[in-house]
Amino acid sequence: SHIMSDYVRMTDTERDQIDQDAQVFMRTCADAIHQLRTEAHKGIQSAQVKEHRTAVLDFIEDYLKRVCKLYSEQRAIRVKRVIDKKRL
């Protein structure tokens with residue numbers, strides 16, 4: 001596909017930059033979720049609203065964790081390919 005051929009033409013420097021940016025982005029998301037958790041219940045009396053917000057934040061945090069895991073697996077594959085190429 002067109003997207004894959006673009007990916008193949010990327011330099012290692014570009015890939016490293018994407019890795020760096022992705023890690024910064026994931027950390028920013030994790031921090032934002034943490035911040036939301038501390039703000040979520042301020043001034044809220046309703047137990048139902050608190051429960052709902054906690055559930056939403058748990059869902060978002062879980063989603064982020066799954067994205068991070070997927071990203072780490074993809075990155076590991078790339079690192080392995082680089083090592084295998086150097087061996088040849």
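Biologist: In this chain, what percentage of contacts between residues at least 6 apart in sequence join residues at least 24 apart?
Modeller: The model is a predicted one. Contacts in the chain were taken between residues at least 6 apart in sequence, and some of these join residues at least 24 apart. The share that does so is 57%.

Biologist: Which elements make up the secondary structure of the chain, and in what order do they run from the N terminus?
Modeller: The chain has three helices and zero strands. From the N terminus on, the order is therefore written with helices alone, given that helices and strands are the elements numbered. That order is α-α-α.

Biologist: What radius of gyration does the chain have, beside that of a compact globule of 88 residues?
Modeller: The C-alpha trace spans about 65 × 25 × 15 Å along its principal axes. For a compact globule of 88 residues, the radius of gyration would be near 12 Å. The chain itself has 19 Å.

Biologist: What share of the 88 residues is buried?
Modeller: The accessible surface of the chain comes to about 7500 Å², and 60% of that surface belongs to carbon and sulfur atoms. A residue counts as buried under 20% relative accessible area. Buried residues make up 14% of the 88.

Biologist: How far apart are the end C-alpha atoms of helix α2?
Modeller: Helix α2 covers residues 12-40, which is 29 residues. At 1.5 Å a residue, the helix should span 42 Å. The model agrees with this, as the end C-alpha atoms are apart by 41 Å.

Biologist: Which residues of α2 are buried?
Modeller: The cut-off for burial is a relative accessible area under 20%. Asp 16 does not qualify, because its 44% makes it partly exposed. The buried residues of α2 are Arg 15, Asp 19, Ala 22, Met 26, Ile 33 and Ala 40.

Biologist: Which residue forms a salt bridge with Asp 16, and is that partner buried or exposed?
Modeller: The closest N and O atoms of the pair are 3.3 Å apart. The bridge links distant parts of the chain, from Asp 16 in helix α2 to a residue in helix α3 that is 62 residues away. With a relative accessibility of 14%, the partner counts as buried. The partner is Arg 78.

Biologist: Why are Lys 69 and Glu 73 separated by about one helical turn?
Modeller: An α-helix has 3.6 residues a turn, so residues three or four places apart point the same way. Lys 69 and Glu 73 form a salt bridge, with the closest N and O atoms 2.9 Å apart. Lys 69 is exposed at 55% relative accessibility, while Glu 73 is partly exposed at 38%. The separation is about one turn because, in helix α3, the two residues are apart by four residues.

Biologist: Which residue forms a salt bridge with Lys 80?
Modeller: The two partners both lie in helix α3, four residues apart. Their closest N and O atoms are 2.9 Å apart. The partner is partly exposed, at 29% relative accessibility. It is Asp 84.

Biologist: Which residues are joined into one network by salt bridges that share partners?
Modeller: The count for the model comes to 12 salt bridges. Salt bridges that share partners form one network. Its members are Asp 16, Asp 19, Arg 75 and Arg 78.

Biologist: Which residues form a nonpolar patch on the surface?
Modeller: One member, Phe 59, lies in helix α3, residues 47-87. Phe 59 is exposed, because its relative accessible area is 54%. Together the patch has about 450 Å² of accessible area. The residues are Val 56, Phe 59, Ile 60, Tyr 63 and Val 67.

How values were computed. Residues are numbered from 1 along each chain as its sequence is written. This is a predicted model: local features need pLDDT of at least 70, side-chain atom pairs count only at pLDDT 80 or more; totals for chains, interfaces and linings use all residues. Side-chain values use heavy atoms; hydrogens and water are left out. Patches are made of residues with over 30% relative accessible area and no salt bridge: like charges are joined within 9 Å, nonpolar side chains (Val, Leu, Ile, Met, Phe, Trp, Tyr) within 5 Å. Accessible areas come from the Shrake-Rupley method with a 1.4 Å probe; for residues, only the protein chains shown count as cover. A salt bridge is a side-chain nitrogen of Lys or Arg within 4 Å of a carboxyl oxygen of Asp or Glu. Buried means under 20% relative accessible area, exposed over 50%, partly exposed in between (1.4 Å probe, protein chains only). The expected span of a helix is 1.5 Å times one less than its number of residues. The radius of gyration is taken over C-alpha atoms; the globule rule is 2.2 Å times the number of residues to the power 0.38. Contact means heavy atoms within 4.5 Å.
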